[in-house]
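Hi,

Here is the structure I promised to pass on. Have a look at it first, and then read my notes underneath.

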There are 2 protein chains.
Amino acid sequence: MEYPSKLIENAVNQISKLPGIGKKTALRLVLHLIKDKEENTMALADALVTLRSKIKFCTTCHNISDEEVCSICRSPRRDRALLCVVEDAKDVMAIENTAQYNGVYHVLGGVISPMNGIGPTDLNIETLVARLSQGQTEIKEVILALSPTMEGDTTAFYINRRIKDLLLRVSVIARGVPVGGDLEYADEITLGRSIIGRTLFG
Amino acid sequence: MEYPSKLIENAVNQISKLPGIGKKTALRLVLHLIKDKEENTMALADALVTLRSKIKFCTTCHNISDEEVCSICRSPRRDRALLCVVEDAKDVMAIENTAQYNGVYHVLGGVISPMNGIGPTDLNIETLVARLSQGQTEIKEVILALSPTMEGDTTAFYINRRIKDLLLRVSVIARGVPVGGDLEYADEITLGRSIIGRTLFG
């Protein structure tokens, strides 16, 4: 595609670096910004710069935060005996949205993935071990809430080995048929797991 | 959705103002930017600000341009006897990509749309009439290349009435079955038009 302007070309190239946005979508966005009020583009650019330069990560759980310690770690209403280990900040948001969990979190920042060159030392695992090793730790149970993929399972396996002697209980979130899903469409591994992991009725 | 940070919330709100981007996609983009190198976000924001503050519109044809007069209007290789009227800059790019047109353009900046409160005076129609009225004009034919919609047709009708006495020939782009399209899927109006507008074989 030939662009009528170097400015357009540069903006399209920058926007299309974002995941899931191709050159055509980028061009559509650029032409929208040109037509739109100038202040809207400025507000967008400003939000991005502020975001990237001011964002912090909680020093306790590594979740995204506006302050040194995130609002969940600071809250006096959270149960400090329960700690949920997740891959990234998006998972914290997803679990918070369920309103079914009242403990604290630990964000790994990824999962072990030899294919992508990500080993245990690239993740926030040592700080998790440190949180559990402190003499005054209140944590009784660690819930491993990682994706049910090979990388997620590997990571859960590794973490379990590192922490299992430090506390009472290490659990994993249930695997089974999704609520509202039809049994006949569940794959056999999931269905098998749902039978092995069955719980008492009611 | 509860966001863990005001900065995230603000960035998500700004990004989701873009057409076709919802809150979920915006959040995905924001989390990508946080993980990505800081310089990439800065380059993106910079491209947007530069785009919006430096972009110009050609004083002759109103196409997007880096300079006062766009590269097409400046080019000595373009046929100045042919002028193609289009809705916006995207259409200029689309026609340029076909490599089938060597004339110049006139960008209206929209189409007449009473529903959206856009009348003829909101478009670059007076400047088109002026280009054709100049004593020394070289333009012999105006091609109306507007979308085959009610708004596009209304606009074409209005423009034709304003300019038809000023020049030799006003034409519209052909309407018919799309190349590579299957006849049975063409709607009846398109198919009807393709029969009325038939041309000699070969």
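Below is what I found in it, going from domains to strands to cysteines.

One thing to keep in mind throughout: this is a predicted model.

**Domains in chain A**
The domain assignment splits chain A into domain 1 (6-54) and domain 2 (75-172). Measuring from C-alpha centre to C-alpha centre, domain 1 and domain 2 of chain A are 36 Å apart.

**Strand 3 of chain A and its neighbours**
A good place to start is strand 3 of chain A, residues 82-86, where four of the five residues are buried. This strand has a parallel partner in strand 5 (residues 141-144) of chain A, with four bridges between them; Val85(A) has Leu144(A) as its bridge partner there. Strand 3 of chain A also runs parallel to strand 4 (residues 104-107) of chain A, again through four bridges, and in that pairing Cys84(A) sits opposite Tyr105(A). Add helix 5 (residues 89-98) of chain A to strands 3 and 4 of chain A, and you get a right-handed β-α-β unit.

**The sheet in chain B**
Over in chain B, four strands make an open, parallel sheet in the order 4-3-5-6. Strand 4 (103-107) and strand 6 (169-172) of chain B are the edges, each pairing on one side only. On average, neighbouring strands in this sheet are turned by 25° against each other, ignoring direction. Strand 3 (residues 79-86) of chain B is joined to strand 4 of chain B by five bridges, and one of the partner pairs is Asp79(B) with Gly103(B).

Two helices of chain B to look at here: helix 6 (residues 126-133) lies across strands 3, 4 and 5, at about 145° to strand 4. Helix 7 (residues 150-163) of chain B packs on the sheet too, touching strands 3, 5 and 6, and its direction makes about 170° with that of strand 5.

**Cysteines**
How many disulfides are there over all chains? The count is zero, using a cut-off of 2.5 Å between the sulfurs. Cys73(A) is not bonded because its closest cysteine sulfur, in Cys61(A), is 3.7 Å away, which is too far. Cys73(A) is also buried, at 10% relative accessibility. For Cys84(B), the closest cysteine sulfur belongs to Cys61(B) at 11 Å, so that is too far for a bond as well. Cys84(B) counts as buried because its relative accessibility is 3%, with the limit set at under 20%.

Cheers

Note on methods:
Residues are numbered from 1 along each chain as its sequence is written. Chains are lettered from A and ligands numbered from 1 in the order in which they are written. This is a predicted model: local features need pLDDT of at least 70, side-chain atom pairs count only at pLDDT 80 or more; totals for chains, interfaces and linings use all residues. Side-chain values use heavy atoms; hydrogens and water are left out. Buried means under 20% relative accessible area, exposed over 50%, partly exposed in between (1.4 Å probe, protein chains only). Two strands pair if DSSP finds at least two bridges between them. A crossover is right-handed if, with the strands pointing away from the viewer, the path from the first strand over the helix to the second runs clockwise. Domain bounds come from an automatic or database domain assignment. Axes are lines fitted to C-alpha atoms, for helices over the stretch in contact, and angles run from 0 to 180 degrees between N-to-C directions. Contact means heavy atoms within 4.5 Å.
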